[in-house]
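Please open the model in your viewer and keep the sequence panel beside it, since each stop below begins with a selection.

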Amino acid sequence: MKKLISFVFRLVKRIIKIGVLLFVVTFGIYMSNAENKLIYDVVRPLLNKHYDNQARDRRI
């Protein structure tokens, strides 16, 4: 029984550590506005390249 309690305690401790680490990482991404910078610098040029190469049909 003592081993089970010890195992559960270590498991909960690891889960809390991982949760805190994930919170710190996501908070850092949020505060530095990194997701918007990534979209603006990486995703947007790729989308512009894709849509600029498409043939236009301007018939009314």
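The tour goes from the whole chain to the helices, the loop and a few side chains.

This is a predicted model, in which local features need pLDDT of at least 70 and side-chain atom pairs count only at pLDDT 80 or more, while totals for chains, interfaces and linings use all residues. Residues are numbered from 1 along each chain as its sequence is written, and side-chain values use heavy atoms, with hydrogens and water left out.

Begin with the whole protein as a C-alpha trace, which spans about 80 × 25 × 20 Å along its principal axes. The radius of gyration is 24 Å, whereas a compact globule of 60 residues would have a value near 10 Å (taken over C-alpha atoms, with a globule rule of 2.2 Å times the number of residues to the power 0.38). Colouring by secondary structure should show two helices and zero strands (DSSP runs numbered from the N terminus, helices being H or I of at least four residues and strands E of at least two). Switch next to a surface: the protein exposes about 6,300 Å², of which carbon and sulfur atoms supply 68% (Shrake-Rupley method, 1.4 Å probe; for residues, only the protein chains shown count as cover). Of the 60 residues, 0% count as buried, where buried means under 20% relative accessible area, exposed over 50% and partly exposed in between, with a 1.4 Å probe and protein chains only.

Now select helix α1, residues 2–31. Its 30 residues should span 44 Å at 1.5 Å a residue, and the end C-alpha atoms are 43 Å apart, which agrees (the expected span is 1.5 Å times one less than the number of residues). Within α1, pick valine 12, which counts as partly exposed at 41% relative accessibility. From valine 12, go to phenylalanine 23, which is 11 residues away in sequence and 16 Å away in space, C-alpha to C-alpha.

Which two residues form the aromatic pair, and is it stacked? A search of the whole structure finds one aromatic pair, and it is the stacked pair of phenylalanine 23 and phenylalanine 27, at 5.8 Å centre to centre with 25° between the planes. Rings of Phe, Tyr and Trp (its six-membered ring) pair if their centres lie within 6.5 Å, with planes under 30 degrees apart counted as stacked, over 60 as edge-to-face and the rest as tilted. Because phenylalanine 23 and phenylalanine 27 are four residues apart in helix α1, about one helical turn separates them. Phenylalanine 23 counts as exposed at 54% relative accessibility, and phenylalanine 27 as partly exposed at 42%.

Move to asparagine 33 in the loop between α1 and α2, where phi is positive, near 60°, in a residue other than glycine. Most residues other than glycine have a negative phi. Asparagine 33 is partly exposed, with a relative accessible area of 34%.

Finally, select helix α2, residues 34–52, whose 19 residues should span 27 Å and whose end C-alpha atoms are 26 Å apart, which agrees. At valine 43, α2 bends by about 35°, and proline 45 follows within four residues (the bend is the angle between axes fitted to the seven residues ending there and the seven starting there). In the segment after α2, select glutamine 54, which is partly exposed at 36% relative accessible area.
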